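The following exercises concern a single protein chain. Please work through each task before reading its solution.

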Amino acid sequence: MSYESTPLTPGGAIGNAGNVISTVMTKENAAATANFVKDKAEMLKQMATEGSISIRVLAFLGGVAMVVTSFLCLFGRFLTLKFVSLLICIYTLLFGILICALEGKSFAVPRSISARIRKYALFLDFVWGRGGLYFFAGSLQFSQLNLIDMAVGAFMCCVGVTYIIVGKSTAKKLSEMRKSFYTEAMMRDKFSQADINNVGGLNLMQFKVFTDELGLELNVHELHTAFSVVDKNQNEMITFEEFNVWWTQWDFDTVNAEINV
């Protein structure tokens, strides 16, 4: 007897309810999902180069979608005794919560939660680590093979790929800045000019002015990524000391695109 296809009460009300909740893969769903994936891939590709919203926001929204859809699917999988699919739903629910915790600092999620997660999962300190995690989580949800799960899973896969692309691009530009011939005195002077509030640190927009003065052209996603690289204590403010530590110690030649975000 296969637990994957045997309803709790064959022909009964519970079995029928489970069949309604658990969407069956159809040709129409496949076509709609293919179009959705194509559209989202194009959207994220454009955002990776000239977008107006941080990929961290996209990742957080994707995490929320994973939590909601995974939680709802638990009932359908339980009622139809599809235990393998139920287990996958539990995994995607946990991954969704993890993603929200990692990317939720803009949405009032305490930074201490993200810091604790990174302490025990060091690969999440890097763009490629998060991108790989998001791609894996998305592909896991995509494997559920119904329209909603495939749509959310495809979105998270695209976010994962975008993380890796943006991380690599940002690393290249920051490496170019490192190889410039600015002295520490010149850097401090430009830093002070960008610190228009005279608080001894730069916020995100002031950091953009600073990097523009250095000749970099960072798009929105690269700016957010670069800011997070330098802002080691994640307090949304970069001091010159933080910047100088990165400037003198970070080895791009060996880590390539493995930059923190």
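The exercises below treat a predicted model, and each is followed by a worked solution.

**Exercise 1. Overall architecture**

Determine how many helices and strands the chain holds, and in which pattern they follow one another.

Solution.
1. The secondary structure comes to 12 helices and 2 strands.
2. In sequence order, the pattern reads α-α-α-α-α-α-α-α-β-α-α-β-α-α.
3. The chain has 261 residues, of which 45% count as buried.
4. Among contacts with a separation of 6 or more, 70% are between residues 24 or more positions apart.
5. The chain exposes about 13500 Å², and carbon and sulfur atoms supply 65% of this area.

**Exercise 2. Salt bridges across the chain**

Find how many salt bridges the whole structure contains, and establish which parts of the chain are linked by the pairs E103 with R56 and R77 with D149.

Solution.
1. A search of the whole structure returns 5 salt bridges.
2. In one of them, the side chains of E103 and R56 meet with an N to O distance of 2.9 Å. This pair links distant parts of the chain, since E103 belongs to helix 4 (residues 83-103) and R56 to helix 3, 47 residues apart.
3. Both E103 and R56 are buried.
4. A further salt bridge joins R77 to D149, with the closest N and O atoms 3.6 Å apart. Here R77 in helix 3 is linked with D149 in helix 7 (residues 147-178), and their positions lie 72 residues apart.
5. The cut-off for a buried residue is under 20% relative accessible area. R77 is therefore buried, at 4% relative accessibility, and D149 is buried because its relative accessibility is 4%.

**Exercise 3. A salt bridge within one helix**

Explain why K208 and D212 are separated by about one helical turn, and decide whether K208 is buried or partly exposed.

Solution.
1. The side chains of K208 and D212 form a salt bridge, 3.7 Å from N to O.
2. K208 and D212 are both in helix 9 (residues 204-213) and 4 residues apart, so about one helical turn separates them.
3. K208 has a relative accessible area of 30%, so K208 is partly exposed. D212 is likewise partly exposed, because its relative accessible area is 37%.
4. Elsewhere, salt bridges with shared partners join R56, E103 and R130 into one network.

**Exercise 4. Cysteines**

Identify which cysteines form the disulfide, and state where the sulfur nearest to that of C157 is found.

Solution.
1. The structure holds 1 disulfide.
2. This disulfide is formed by C73 and C89, whose sulfur atoms are 1.8 Å apart. The bond links distant parts of the chain, with C73 in helix 3 and C89 in helix 4, 16 residues apart.
3. C73 counts as buried because its relative accessibility is 10%, and C89 counts as buried because its relative accessibility is 0%.
4. C157 is in no disulfide, and the nearest cysteine sulfur, that of C158, is 6.9 Å away.
5. C157 is buried, because its relative accessible area is 13%. C100 is also buried, with a relative accessible area of 14%.

**Exercise 5. Aromatic pairs**

Classify the geometry of the aromatic pairs F95 with F136 and F207 with F210.

Solution.
1. The structure holds 9 aromatic pairs.
2. For F95 and F136, the ring centres are 5.7 Å apart and the planes form an angle of 85 degrees, which makes the pair edge-to-face. The pair links distant parts of the chain, F95 in helix 4 and F136 in helix 6 (residues 127-142), 41 residues apart.
3. F136 is partly exposed, with a relative accessible area of 44%.
4. F207 and F210 form a tilted pair, 6.4 Å centre to centre with 45 degrees between the planes. About one helical turn separates F207 and F210, because they are 3 residues apart in helix 9.
5. F207 is buried at 1% relative accessibility, and F210 is buried with a relative accessible area of 0%.
6. F191, F207, F210, F227, F240 and F243 form one aromatic cluster.

**Exercise 6. A nonpolar surface patch**

Determine which residues form the nonpolar patch on the surface.

Solution.
1. The patch consists of V64, V68, F71, L72 and F75, with about 450 Å² of accessible area together.
2. F71 lies in helix 3 (residues 55-79).
3. With a relative accessible area of 44%, F71 is partly exposed.

Terms used: Residues are numbered from 1 along each chain as its sequence is written. This is a predicted model: local features need pLDDT of at least 70, side-chain atom pairs count only at pLDDT 80 or more; totals for chains, interfaces and linings use all residues. Side-chain values use heavy atoms; hydrogens and water are left out. Patches are made of residues with over 30% relative accessible area and no salt bridge: like charges are joined within 9 Å, nonpolar side chains (Val, Leu, Ile, Met, Phe, Trp, Tyr) within 5 Å. Accessible areas come from the Shrake-Rupley method with a 1.4 Å probe; for residues, only the protein chains shown count as cover. A salt bridge is a side-chain nitrogen of Lys or Arg within 4 Å of a carboxyl oxygen of Asp or Glu. Buried means under 20% relative accessible area, exposed over 50%, partly exposed in between (1.4 Å probe, protein chains only). A disulfide is a pair of cysteine sulfur atoms within 2.5 Å. Contact means heavy atoms within 4.5 Å. Rings of Phe, Tyr and Trp (its six-membered ring) pair if their centres lie within 6.5 Å; planes under 30 degrees apart count as stacked, over 60 as edge-to-face and the rest as tilted.
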